[in-house]
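The following exercises concern a ligand and the protein around it. Work through each task before reading its solution.

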Amino acid sequence: MNSSTAQGQLAVVATPIGNLADLSERAKQTLADADVILAEDTRNTKQLLQLAGVHYQKLVSLHEHNEVERAKQVASWLDAGQNLALVSDAGTPLISDPGYAVVNLLREAGYDLVAVPGPCALIAALSISGLPTDRFTFEGFLPAKSGARKKRLQEIASNTGTSVMYESTHRIEDMLADIGETMPGRQVVIARELTKKFETVLTGTGETLVDQLKADPMQKKGEFVVMVAGNPEGGAGQLSEQQVIAALSELPTKQAAKIMAQLFGGNKREWYAKLDS
Ligand code: SAM
């Protein structure tokens, strides 16, 4: 590095989640000024920049498969005084999107990072959900397989603040069914296609929303944010496994194993073996 060259800056830039008009003036200016734009998918970003009338300089890819390798290159560009911008396909980078490896490395190494904030599906959804927003947990995408998903949902069931998740059209119905099973009667709000033509917000429970989607398959189409109200009582889920095991110690092992599987997920036999050891 030439010691007379001032280090460049990396701007993390949010882009629209469906409505081009949500690209801010500052985002446009930052993208036009950047020596290099790092994009999750260069074709998508090229299209966005063209639609927004932004003349850019250089566009390179940064996705989950090259992120770690790219991070070192990014540091050398910054050392050479270049200004960089990081974008994902939609919304805020790093939020269920690439960018963490680069930002983590640059932050630890003391580089200059700046946020150009804007659209983010989880924040947009929460802001119109009607659910409490004073405390919430973002759970991202849940596992694709039902067994693993239910296990996560059992854990989420004990959150006392609102839980927010992302889901795609392919799994929304199964996910809502699993929410109905693991948190019967709990209030659920789903926000679909935010900022787009078919933006819809539905409120119900896991059980009623599954029925609603079955009755009107159009409601299954698009991108979803799923929000679940917090556990009003805290409930057994707030206790640790050890605390519940201690509380059940007077019961026969078979019965205790069944209750543990219901509360914490997993298999009755595995719980039996654990309690019996
Ligand atoms: N980084 C993005 C953000 O800031 O929201 C999220 C990217 S993640 C790969 C894509 C997921 O976000 C979708 O599957 C959906 O769950 C959610 N999402 C993105 N855009 C959305 C929209 N317009 N309406 C509802 N959910 C959306």
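**Exercise 1.** Determine how many residues surround the ligand and which are the closest.

Solution. Step one: with a residue counted as near if one of its heavy atoms lies within 4 Å, 19 residues surround the ligand. Step two: the closest are Thr92, Asp97, Ala121, Tyr166 and Phe224. Step three: by class, this shell holds 11 nonpolar, 3 polar and 5 charged residues. The model is predicted, so local features need pLDDT of at least 70 and side-chain atom pairs pLDDT 80 or more, while totals for chains, interfaces and linings use all residues. Residues are numbered from 1 along each chain as its sequence is written, and side-chain values use heavy atoms, without hydrogens and water.

**Exercise 2.** Identify the N or O atoms of the protein that lie beside ligand nitrogen atoms.

Solution. Step one: take pairs of N or O atoms within 3.5 Å. Step two: on the backbone, a polar atom of leucine 194 is 2.9 Å from a ligand nitrogen, and one of glutamate 193 is 3.5 Å from a ligand nitrogen. Step three: in the side chain of glutamate 223, an N or O atom is 3.3 Å from a nitrogen atom of the ligand.

**Exercise 3.** Place the ligand relative to the domains.

Solution. Step one: an automatic or database assignment divides the chain into domain 1 (9-119), domain 2 (137-228) and domain 3 (240-276). Step two: domain 1 and domain 2 both give residues to the shell, so the ligand lies between them. Step three: the centres of domain 1 and domain 3, taken over C-alpha atoms, are 48 Å apart.

Note on methods:
Polar contact = N/O pair within 3.5 Å; in protein donor to acceptor, adjacent residues only side chain to side chain. Nonpolar A, V, L, I, M, F, W, Y, C, P; charged D, E, K, R; others polar.
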